[in-house]
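Student: I've just opened this one up and I'm not sure how to read it. Could you walk me through a few features?

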Amino acid sequence: MIATQGFTSTQGAYSTEFIRIVERFDDQPKYIKLIQWFQASTGREKQLQFAMMWRNGEDRGDIDFVNVFRSYRRMPHQKIALEWLAEASHPKTLSGLLKMWTGAIATEITLLDTIQDFRECPEQVKLIRWLQASTGEQKQREFALMWRDGQSDAPIDFVQVFRFYQKLPHQNAAINWLQQASQADTVRGFLQMWKHVPPLRGSITLPVPFYLQTDNRYEPMRTCNTSSCAMVARFLGASITTDDEYYQIVRQYGDTTDHGAQTQALNHIGIRSTWHTNLGFEQLDQSLEAGLPIVIGILHRGSLQSPTGGHMVVVIGRTESRDYICHDPFGSLLDPGGGYTGDPRNGKQVIYPRYVLTHRWTPDGDQSGWGRLFYGNR
C-alpha cells in the first residue's frame with residue numbers, strides 16, 4: 001500500500017486500514033517483524049478468540065499472525081475475524097502498527113509497492129506508459145521473458161503487467177529485476193510521481209437485497225440471470241417480493257437465459273435497463289458512483305488462464321483497493337476446491353478481486369465485458 005497521509009483517529013477507520021494492509025501484504029522481513037510485534041502485543045485470550053473466528057468456528061489452538069496475512073483470501077469469515085481483531089485491539093496498539101507500517105512503506109517505496117497499489121486510474125496508467133517509454137527495447141524483452149517465466153520475450157504491455165499481477169514468485173523477481181536494471185533517475189522519478197496520484201474515493205456498498213438461485217422453485221440451476229435481475233429490480237423499487245415472482249414475468253417473454261426477455265420483463269415492472277457486450281471497469285465504476293448496481297456475465301468455471309462457463313452476478317459495490325463487492329446467487333467463486341463448493345450464502349457481498357474479474361469478465365480485452373446497465377425506474 002502506498003500511503004502519504006496519516007490515519008484517522010476512529011476505530012472504524014483503523015479497522016478499514018488494518019484490512020487494507022492485510023489485503024496488500026508483501027512478504028518482506030520489515031513487515032513480518034511488525035506483524036510479530038502486533039501479535040506479541042495482543043493478549044493470548046484475544047488470539048485464541050480470533051483464531052476460532054479465522055477458522056470459521058474450528059478450535060485448533062494457537063495461530064500465527066504472519067500466516068494469517070499470507071493466507072488471507074477475502075473469505076467472509078476471514079474479513080469478519082479481522083474486523084473483530086481490529087475492534088478488540090487496544091487503539092494505541094493498532095494505531096501503532098498502522099503508523100509503523102506506513103513508515104516502513106515510506107522509507108522504501110519500490111516498484112512492487114506500486115504494482116500492488118495499482119487502481120486502474122488514468123493518472124497511474126499514464127505513469128506506467130511513461131515508465132515503459134523510458135525503458136529500452138532490450139530491457140523490455142528481458143523483462144518480458146522473466147515475467148512470462150522464460151516462455152516468451154515477445155513485446156509486452158506494462159499496463160497489462162500491472163493489471164495481471166498475482167504475486168507469483170517469477171513475477172516478483174521480474175519486477176525487482178526491472179527496478180535494478182532501470183536508470184536510477186527513471187525509477188526515482190516514477191516512484192515520486194506515483195506517490196502524488198490522488199487517492200481513490202471511499203468504498204461503495206449499495207444496499208441491494210440478496211436472492212439465492214439455488215432455492216428457486218423453477219429451474220434453480222439455470223436462473224442466475226433471473227435472480228440477479230430481480231435483486232436489482234427490487235433495489236430500484238419494483239413491486240416484486242421474490243425472484244420466483246419475477247421468474248413468472250420473465251417467462252411471459254422468453255427463456256430465463258434470454259437477455260432480450262430479461263429487458264422486456266424488467267420494463268414490464270417499470271425498470272429501465274440495457275444489455276451490453278462491450279463494458280469495462282470504467283462503466284462499473286461510473287454506475288456504482290451513480291448509485292446503480294450492475295448485472296454482469298462471468299466465466300465462472302475453469303482456471304483463470306482458461307476460464308469457461310457462463311454465469312450472472314450483481315456488482316453492488318467497490319472496495320477502496322478497487323476490488324468489487326458482488327451478490328453471487330450461486331455461492332462464491334472463492335470457495336476452496338475451485339469455487340461454489342460451500343454454503344451458497346457465501347455469495348452474499350462476496351469480494352471478487354479485480355484481477356479475477358479481469359480474467360473472468362473481460363477475458364478478450366478492456367471493453368469485452370457482458371453486462372446489464374440500469375437507469376432507475378419509470
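Tutor: Let's go through two helix pairs, a group of strands and two backbone spots, keeping in mind that this is a predicted model.

Student: Let's begin with helices. How do I describe two that are packed together?

Tutor: Two packed helices are described by the angle between their axes and the distance between the axes. Try helix α13, residues 224–235, with helix α15, residues 259–268: they pack at an angle of about 25°, and their axes are 11 Å apart.

Student: What does that angle say about how α13 and α15 are oriented to each other?

Tutor: Angles under 35 degrees count as roughly parallel, so α13 and α15 are roughly parallel to each other. As for the handedness, α13 passes α15 in a right-handed crossing.

Student: Which residues make the contact between α13 and α15?

Tutor: On the α13 side, look for N225, T226, C229 and A233; on the α15 side, H259, Q262 and L266. Sorted by class, this contact of α13 with α15 has 4 polar and 3 nonpolar residues, and no charged ones.

Student: Okay, give me another pair to practise on.

Tutor: Take α9, residues 137–147, and helix α11, residues 169–181. Their axes come within 8 Å and cross at roughly 160°.

Student: Are α9 and α11 roughly parallel or roughly antiparallel?

Tutor: Here the cut-off is 145 degrees, and angles over that count as roughly antiparallel. That's why α9 and α11 are roughly antiparallel to each other. Their crossing is right-handed.

Student: And what meets what in α9 and α11?

Tutor: From α9 you have K139, E142, F143, M146 and W147. They meet H170, Q171, A173, A174, I175, W177, L178 and A181 in α11. By class, the contact of α9 with α11 has 9 nonpolar residues, plus 2 polar and 2 charged.

Student: Now strands. Where should I look?

Tutor: Pick a strand, then ask which other strands it has bridges to. Strand β6, residues 311–318, makes a good example: 8 of its 8 residues are buried, so you'll find it mostly covered.

Student: Which strands are joined to β6, and by how many bridges?

Tutor: Strand β1, residues 204–205, is joined to β6 by 2 bridges, and the two run antiparallel. To find that pairing, go to T205, whose bridge partner in β6 is G317. Strand β3, residues 294–298, has 5 bridges to β6, again antiparallel. There, G297 has M312 of β6 as its bridge partner. Then 4 bridges join β6 to strand β7, residues 324–327, also antiparallel. For a marker in that pair, V315 is partnered with C326 in β7.

Student: How many residues lie between β6 and β7 in their hairpin?

Tutor: There are 5 residues between them, and R322 in the turn has a positive phi of about 75°.

Student: Where else can I find a positive phi in a residue that is not a glycine?

Tutor: Two places to check are D149, at about 60°, and E219, at about 45°. D149 sits in the loop between α9 and α10, while E219 is in the loop between β1 and α13.

Student: How accessible are D149 and E219?

Tutor: D149 is partly exposed, with a relative accessible area of 49%. E219 is partly exposed too, at 26%. The cut-offs behind that label are under 20% for buried and over 50% for exposed, with partly exposed in between.

Conventions: Residues are numbered from 1 along each chain as its sequence is written. This is a predicted model: local features need pLDDT of at least 70, side-chain atom pairs count only at pLDDT 80 or more; totals for chains, interfaces and linings use all residues. Side-chain values use heavy atoms; hydrogens and water are left out. Axes are lines fitted to C-alpha atoms, for helices over the stretch in contact, and angles run from 0 to 180 degrees between N-to-C directions. Angles under 35 degrees count as roughly parallel, over 145 as roughly antiparallel, 65 to 115 as roughly perpendicular and the rest as oblique. A crossing is left-handed if the near helix is turned anticlockwise from the far one by less than a right angle, and right-handed if clockwise. Contact means heavy atoms within 4.5 Å. Ala, Val, Leu, Ile, Met, Phe, Trp, Tyr, Cys and Pro count as nonpolar, Asp, Glu, Lys and Arg as charged, and the others, Gly among them, as polar. Buried means under 20% relative accessible area, exposed over 50%, partly exposed in between (1.4 Å probe, protein chains only). Two strands pair if DSSP finds at least two bridges between them.
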